[in-house]
Amino acid sequence: MSRSFFALLKRDLQLGWRQGNTSVMVVAFFIMAISLFPFGVGPEMTVLGRISAGVLWVALLFSAMLSLDRLFQADFEDGSLEQLTLSPTPLSAIVFAKCVAHWINTALPLIIATPIMSVLLNLPSNALPTMIIAMLIGSPALSFIGAVGAGLTVAIRRGGVLVSLLVLPLYIPSLIFGVSAVDGAINNIASGPSLLILAAISLFSMVIGPLAATAAIRLALE
Amino acid sequence: MTEQQAFEHLSFYGDDLTCERGGRVVFSDLSFALSSGQALLLRGPNGSGKSSLLRLLAGFLAPTRGGFGYKHGPDKEAISLGYRLGDFTTLIHYVGHQTALKPVFTARETLTQAAALFGHDHQLVDDALNALNLGALADLSVRYFSEGQQRRLALARLIASPRPIWLLDEPTNGLDADSAELLTNLMKQHLTNGGMIIAATHLEMDIDANTLNLKDFLPRQNFNSDTRFDWSMEESA
């Protein structure tokens, strides 16, 4: 069972890399999106500093969502998904592996790029460690909740926009507590409770996400 | 050829299977039984449900009525009857119209992944490549494979991870005469090893097999008396 799990994880990571460097494109989008804000709201340092946590989080949500619609669709179209259901590993565990691969391919590079982008937005430097920790704890929820949307739209050819509509409302709790953790660090209020709730959301979605996505995929295969 | 272990004595059967697609009954009350070393060829005109039956047996579709299962050993009771049982899918290989290949991987990588996914290691990968005459292309990206070569690579999965029941949907599609013969020999070998094969095919295959014509299982009366279905009435009478 663990053999097929890790084989699939490795396959998806290699696919992400060889099929046009998913990670590079996602990070490029992240940087572009954030660079637009100083143009939009003006170069006032205090204004940028105040909105920086929110901008970074929103940019993270949108960037992580970019490649979501292809999470299962590519495998559905070429028949790989049928082969995946015949594995001795339960389909929900396989979906879990695909979510982990998605997180490593998209969220992780974004978190690595965050320190540089936070300087651009004048995020107070004492809040940066909290920002990184909050993103590390909170971002798995993006992949695992996103998998449900990706599973539901797997058979729809242009499902990208629909995925956004399904998934973005479910990202709101992660956004609220991610930003409030960073605000806590800026204002010297304890950010622990926000981080704990972020962790709870991530753990919850790690359980529910693969199960719901599996049910959606089963329906699509019929 | 590969040194596959003979599969233990198994039998595979379906009872009164009925399949509906989009509200239309495709076939009804279909039963079959296979035991180790036997093959079943599915015949019938387009749309008679050959692919649906194979997809149903692979667990992708749910039967509207009826069930199917397998028995281990000659005497034991049925272990499972139904579909989508975890231990049941580990007996099955399904090769459909889609090749499930990724252009960015080489042939060897593809088979190694396929074997690992099915819980096997890669010791049979080279055998599988040679068995389908792909040895020279082992380290070439699938991107550069021709249609027929892709079909052969998809079929090589059958050898790379041994499983007793092969469900093949038009396996000779896109294959030239030599490759089709290669496949026929592999199927014979699989039957000799005690495996089972259910294949939908239009071509005559030179293997010892029972034939199941899906025309015989068309529903007696369709829910709408559309004249399009008249031909089925006279032929199954």
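Okay, let's start with a term: a helix crossing is called left-handed if the near helix is turned anticlockwise from the far one by less than a right angle, and right-handed if it is turned clockwise. Keep that in mind, we'll use it in a minute. And before anything else, please remember that what you're looking at is a predicted model.

So, chain A. Chain A has nine helices and zero strands. If you walk along the sequence, then, the pattern is just α-α-α-α-α-α-α-α-α. The C-alpha atoms sit in a box of roughly 55 × 35 × 30 Å along the principal axes. Is that what we'd expect for a compact globule? Well, what radius of gyration would a compact globule of 222 residues have? Near 17 Å, and chain A comes out at 18 Å, so the two agree. Of those 222 residues, 47% are buried. And if you take the contacts in chain A with a separation of 6 or more, 81% of them join residues 24 or more positions apart.

Now let's zoom in on one pair of helices. When two helices pack, people describe them by the angle between their axes and the distance between the axes. Our pair is H3 of chain A, residues 45-66, and H7 of chain A, residues 128-152; their axes come within 10 Å and cross at roughly 30°. Angles under 35 degrees count as roughly parallel, so that is the label H3(A) and H7(A) get. Here's where our opening term comes in: is the crossing left-handed or right-handed? H3(A) passes H7(A) in a right-handed crossing.

Who's touching whom? On the H3(A) side you'll find A:Ala53, A:Leu56, A:Leu60, A:Leu61, A:Ala64 and A:Met65. Facing them from H7(A) are A:Met131, A:Met135, A:Ser139, A:Leu142, A:Ser143 and A:Gly146. Sorted by class, the residues of this contact are nine nonpolar, three polar and no charged. If the spacing of those numbers catches your eye, recall that an α-helix has 3.6 residues a turn, so residues three or four places apart point the same way.

Just ahead of H7 there's a little oddity. Most residues other than glycine have a negative phi. A:Asn122, though, has a positive phi, near 60°. You'll find A:Asn122 in the loop between helix H6 (91-120) and H7 of chain A. Buried or exposed, or something in between? A:Asn122 has 18 C-beta neighbours inside 10 Å, so it counts as partly exposed.

Over to chain B, which has a similar case. B:Asp29 also has a positive phi, near 50°, but this residue lies in a strand, S2 of chain B, residues 24-35. With 14 C-beta neighbours inside 10 Å, B:Asp29 is partly exposed as well.

Then look at helix H1 of chain B, residues 50-57. How many of its eight residues are buried? Seven, so to speak a mostly covered helix. The buried ones are B:Lys50, B:Ser52, B:Leu53, B:Leu54, B:Arg55, B:Leu56 and B:Leu57. After H1(B) comes B:Gly59, with a positive phi near 95°.

Last stop, where the chains meet. Here 21 residues of chain B are in contact with 21 residues of chain A. On the chain B side, the elements giving two or more residues are helix H2 (86-89), strand S6 (92-95) and helix H3 (107-117). H3(B) gives the largest share, three residues. By class, that side of chain B has 11 nonpolar, nine polar and one charged residues.

Technical notes
Residues numbered from 1 in each chain as written. Chains lettered and ligands numbered in written order. Predicted model: local features only at pLDDT ≥ 70, side-chain atom pairs only at ≥ 80, totals over all residues. Axes fitted to C-alpha atoms, helices over the stretch in contact; angles between N-to-C directions. Helix = DSSP H or I, 4+ residues; strand = E, 2+ residues; numbered from the N terminus. Parallel < 35°, antiparallel > 145°, perpendicular 65-115°, else oblique. Contact = placed C-beta atoms within 7 Å. Nonpolar A, V, L, I, M, F, W, Y, C, P; charged D, E, K, R; others polar. Rg over C-alpha atoms; globule rule 2.2 N^0.38 Å. Buried ≥ 20, exposed ≤ 12 C-beta atoms within 10 Å, placed from the backbone.
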